[in-house]
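Biologist: Please take one part of this model and look at it closely, with its neighbours and its place in the whole. I would like a single connected account rather than a list.

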Amino acid sequence: MLRKKQLLAMTNIVIFLHVKNREHTSEDNMGSGQSSEKLHCNRYLNGQGPPSLVQQANEEVNGMHKELNGCQPQGQMTWVILHRDLPGFPDNNTLQINAIFPDGIQTEKHPHPGQPYTGLRLCAYLPDNREGRKVLRGLDKAFNQQLLFTVATNKNGEDIVTTASIPLKTQPDGRNMVDGYPDPDYLKTVRKLLRDKGIE
C-alpha cells in the first residue's frame, strides 16, 4: 500500500513538471511574433509606460498612420445655440458655428508665401440633435487639426481664406440647396468626409 502511494506521488510530480514545461514553452514562443500591442504592454510593465498621446499623433502606433495637419491659417471657431429650427428639423434648435480669420500673410503651405491674404467671417448651421452634435465635434477636431479651412486663390486672382474639402451649410433657410437646408443627406455626408480624414 505504501509503495502504491509513493508511485502515485511520483506520477503527480511528473505531470506537474510536464505542465510547467509547456507553460514556459508557450511563453518562449511569443518571441518576435508578439504584436506591437504586447510590446507596448511590456514597456509599461518595465516601467517605460505606453506611448503618449503626442507620440501616437506623430508616429505610426498599433498600425494607425499619423494624421497630417492641413494649411489652415490662424483663426478661431466658436458655437452657440439658436432657439429656432432649420428646415427639415422642426423639432430641434440650431447650432450656429462662428469662424473668424483675420487678414494675414501666407506661409510656405499657402499658394503665394509671403503675400497677404484676406480673412473670413463665416457662420455655419447644424441641427441641435444627436447627429448634429456628432458632426459639430468632428468639425471641431478638423478645425484643431487645421483641416477645415485653407487659403486659396479665387476667380478674381485674390488669395482668401475659404472652406477646404468639408462643406459647411452657411444659410439657415432653404434659399440655396447647396449652402442651406433642407438637405437630408448632409449630416451623413459630412461624417463620411470626416472619417476619410481619420476623424470620428
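Modeller: Two residues are in contact here if they have heavy atoms within 4.5 Å of each other. The model is a predicted one, and the part I take is strand E6, which covers residues 149-153.

First, the setting. The protein chain has 5 helices and 7 strands. Along the sequence they follow the pattern α-α-α-β-β-β-β-β-α-β-β-α. The chain has 200 residues, of which 28% count as buried. Among contacts with a separation of 6 or more, 57% are between residues 24 or more positions apart. The accessible surface is about 13,700 Å², and carbon and sulfur atoms hold 54% of it.

Strand E6 is joined to strand E7 (residues 159-163) by 5 bridges, and the two run antiparallel. There are 5 residues between the strands in this hairpin, where glycine 157 has a positive phi near 85°. Ahead of E6, the loop between H4 and E6 holds glutamine 146. Glutamine 146 also takes a positive phi, about 65°, although it is not a glycine. Its relative accessibility is 23%, which means that glutamine 146 counts as partly exposed, since buried requires under 20%.

Threonine 150 belongs to strand E6 and stands opposite threonine 162 in E7. With a relative accessible area of 15%, threonine 150 is under the 20% limit and is therefore buried. Neighbours within four places in sequence aside, the contacts of threonine 150 are Cys71, Gln72, Pro73, Ile160, Val161, Thr162, Thr163 and Ala164. Threonine 162, its opposite number in E7, is thus one of the residues in that list.

Phenylalanine 149 lies in strand E6 too. On the same terms, with neighbours within four places in sequence left aside, phenylalanine 149 is in contact with Cys71, Gln72, Ala99, Phe101, Leu120, Leu122, Phe143, Val161, Thr162, Thr163, Ala164 and Leu168. Cys71 and Gln72 appear in this list and in the one for threonine 150.

Two of those contacts, Phe101 and Phe143, lead to the aromatic pairs. The structure holds 5 of them. Phenylalanine 101 and phenylalanine 143 have ring centres 6.0 Å apart, within the 6.5 Å allowed, and planes at 50°, so this pair is tilted: the angle is neither under 30 nor over 60 degrees. The pair links parts of the chain that are 42 residues apart, with phenylalanine 101 in strand E2 (residues 94-101) and phenylalanine 143 in helix H4 (residues 130-144). Phenylalanine 101 has a relative accessibility of 3% and therefore counts as buried. Phenylalanine 143 is at 9%, so this residue is buried as well. Phenylalanine 101 forms a tilted aromatic pair with phenylalanine 149 too, at 4.8 Å centre to centre and 55° between the planes. This second pair links strand E2 to strand E6, across 48 residues of the chain. Both phenylalanine 101 and phenylalanine 149 are buried.

Phenylalanine 149 also has a place in the largest nonpolar core, which has 31 residues; Leu126, Leu139, Leu148 and Phe149 touch the most other members. At least two residues of this core come from each of E2, strand E5 (120-127), H4, E6 and helix H5 (186-196). E2 and H4 are also where the partners in the two phenylalanine pairs described above are found.

Further along E6, valine 151 can be related to histidine 112: their C-alpha atoms are separated by 9.4 Å, while the residues are 39 apart along the chain. Histidine 112 is in the loop between strand E3 (104-105) and strand E4 (116-117). Its relative accessibility of 36% lies between the 20% and 50% limits, so histidine 112 counts as partly exposed. Apart from neighbours within four places in sequence, histidine 112 is in contact with Gln106, Thr153 and Asp159.

After E7 comes a loop to H5, and proline 182 is located there. The peptide bond between tyrosine 181 and proline 182 is cis, with omega about 5°. Tyrosine 181 is also part of one aromatic cluster with Phe89 and Tyr186. The charged end of lysine 169 sits over the ring of tyrosine 181, 5.9 Å from the ring centre.

Methods
Residues are numbered from 1 along each chain as its sequence is written. This is a predicted model: local features need pLDDT of at least 70, side-chain atom pairs count only at pLDDT 80 or more; totals for chains, interfaces and linings use all residues. Side-chain values use heavy atoms; hydrogens and water are left out. Helices (H or I, at least four residues) and strands (E, at least two) are DSSP runs, numbered from the N terminus. Buried means under 20% relative accessible area, exposed over 50%, partly exposed in between (1.4 Å probe, protein chains only). A charge sits over a ring if NZ of Lys or CZ of Arg is within 6 Å of the ring centre and within 35 degrees of the ring normal. Two strands pair if DSSP finds at least two bridges between them. Accessible areas come from the Shrake-Rupley method with a 1.4 Å probe; for residues, only the protein chains shown count as cover. A nonpolar core is a set of buried Ala, Val, Leu, Ile, Met, Phe, Trp, Tyr and Cys residues joined through side-chain atoms within 4.5 Å.
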